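Welcome! Please take a moment to look over the protein shown here, and keep the view open while you read.

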Amino acid sequence: IEAARVYFKRFEWGNTSLNDFLQVLNEVSGRDMQAWANAWLQTSGVSALGTKRVYGKDGQLTDLILTQELPAQQPAGLGRPHVAKLETFALTDGKLTSTGLLSLEYPAEPVSEHRVELTEEQKKLVGEADLLMLNAEDHTYAKVALTDEDGLQAAIEGVSTLESALSRGLIWGSLWENVRDARLPVTTYVDAVVRNVSKEPSASLLGTMVNNAQVAIATFSAPTGRERLYDALYDAFAAALAQAKPGSDEQLILLRALISVSTNATKGEELCRDIARGAFEDTTGDIADATGIPYDQNLGWSALGALASRDLVTVEDLDRAAKYSPSSISSNGYAYAIAALPSAERKAAAYKTIMEDESLSNDALASTINGFARGPVELRESYYDSYFEALLPIWASRSIGMATRIVRGLYPKAPYNTGSTEGLGVEGNPSVALAQRWLEANPEAPSALRRLVLEAQDHGRRSIVAQKFNASLQD
């Protein structure tokens, strides 16, 4: 605030540069703000911060080391300063409680490790903690590499028992970032969700964790063994649903999550068949497994979509439901379910509709795309080449919103090292290689379209790296 006062007073009615502002910050803060600007305003990417505890022969903490891993694209000589807080926690009877809070500084010097000066009392606090949470209160812009050394197992056991919603969110965020960066096995993340889904008091965090767990399996886990992980989620979500307060947000989140998981698990058919009644019967009362939530068309069509993905309903079943109570809900639900059926014929019809029917509404288009993306990847492999061939015509003929849906929704998501991708590695995988070929062949394509393809390619590369990492843990 003081720097802003000085700045506006000194340069009122005049033009300024960034250096003028930095000079004022230097004077007021007593820090080298030019070095800060060089490290933060003129570079990109997110650093990964961590801690290391060093113990003596007597088992007492001797040193706390701060670590910083710079983004891959940044030079090794770059120094990024951080001001962060470290919170310590104790795990007692499965419950995490805060025991202290320390303020720390990462230096601006280009070092990967920095020793922190601690008092004897602080050494005892840090050394005895079951969990160290770096960047407590979320003061700095960085990823946190939560490891076994920091107390990862304690976090997995009791993250949702923490009193502070911010602390819970930061730990869940750290776990998720580590899954995406292939630092944390998907099985470990799923285990954390399974252990905590019945304990999480925040509906917002609950919704995020149940969704991320499914994305982690579908996108980052090794293709083999996914059913087991989905089944573990189903059992945990079902147990949490049985404990949820009737009519609560948490209950509805868990019910929807169960329907979604049923798309890929070996379980859930009976539940989905019951919920699906809301789409084609004049039902009254509450859903059998969720007292407080009545049968309705929206949930009913979600359940029918899950059943269709597993080929547990027929086209005739879906036609009958669509005619029962015509509405936008039933129309979009039908579009999704019919495209989700795991047959070459239905995938071909859905692809043709997406690419050729310009009369579709945004919701109908999105529903058809989402349904097409369901089921075995082998059903979509034959469309990879035609997808890239159609990108420029689609971008030229559709609205930006609709074209974006198609570009993102149909982008190839080829799994790692299975079937036709055997032995191709990361860069050779169709999810990466085909996009690279298109980018090189179309340097003059609209920048917004190229950006979408680059983003999808980056996501594809991240997915393959993570799948490869998780597959290596199964060997």
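Here is a short briefing on some strands, helices and a pocket of this structure.

Please remember that this is a predicted model. We begin with an open sheet of 4 strands, go on to a hairpin between S8 and S9, then see how H8 and H10 meet, and finish at the second largest pocket.

**The four-stranded sheet**

- Reading across the open sheet, you meet its 4 strands in the order S5-S2-S1-S7, and their pairing is mixed.
- Strand S5 (113–116) and strand S7 (143–144) are at the edges with a single partner strand each, so one side of each has no neighbour in the sheet.
- Strand S1 (residues 48–55) pairs with strand S2 (residues 61–69) in the antiparallel sense, and 8 bridges link the two.
- To find your way in this pair, look for Thr 51, which stands opposite Leu 66 in S2.
- Lying across S1 and S2 is helix H4 (residues 120–128), which runs at about 70° to S2.

**The hairpin**

- Strand S8 (residues 286–287) and strand S9 (residues 290–294) form an antiparallel pair over 2 bridges.
- A hairpin of 2 residues joins S8 to S9.
- Which residue in S9 is the bridge partner of Asp 286? That partner is Pro 294.

**Two helices in contact**

- Two packed helices can be described by the distance between their axes and the angle between those axes.
- For helix H8 (residues 203–220) and helix H10 (residues 249–262), the axes come within 9 Å and cross at roughly 5°.
- Angles under 35 degrees count as roughly parallel, and H8 and H10 are therefore roughly parallel to each other.
- On the H8 side, the contact is made by Ala 203, Leu 206, Gly 207, Val 210 and Gln 214.
- H10 brings Asp 249, Glu 250, Ile 253, Leu 254, Ala 257, Ser 260 and Val 261 to the contact.
- Sorted by class, the residues of this contact of H8 with H10 are 7 nonpolar, 3 polar and 2 charged.

**The second largest pocket**

- The second largest pocket holds about 450 Å³ of space.
- Its lining is made up of 17 residues, and those nearest the centre of the pocket are Pro 71, Ala 72, Lys 143, Asp 181 and Arg 462.
- Which helix gives the largest share of the lining of this second largest pocket? Helix H20 (residues 447–472) does, with 4 residues.
- The lining of the second largest pocket divides by class into 8 charged, 7 nonpolar and 2 polar residues.

How values were computed
Residues are numbered from 1 along each chain as its sequence is written. This is a predicted model: local features need pLDDT of at least 70, side-chain atom pairs count only at pLDDT 80 or more; totals for chains, interfaces and linings use all residues. Side-chain values use heavy atoms; hydrogens and water are left out. Two strands pair if DSSP finds at least two bridges between them. On a 1 Å grid over the protein atoms alone, a cavity is a set of points where a 1.4 Å probe fits but cannot get out, and a pocket is an open set with protein on both sides within 12 Å along at least five of seven lines; lining residues have an atom within 4 Å of a point. Grid points are joined across faces, edges and corners, and a volume is the space filled by probe spheres set on the points. Ala, Val, Leu, Ile, Met, Phe, Trp, Tyr, Cys and Pro count as nonpolar, Asp, Glu, Lys and Arg as charged, and the others, Gly among them, as polar. Axes are lines fitted to C-alpha atoms, for helices over the stretch in contact, and angles run from 0 to 180 degrees between N-to-C directions. Angles under 35 degrees count as roughly parallel, over 145 as roughly antiparallel, 65 to 115 as roughly perpendicular and the rest as oblique. Contact means heavy atoms within 4.5 Å.
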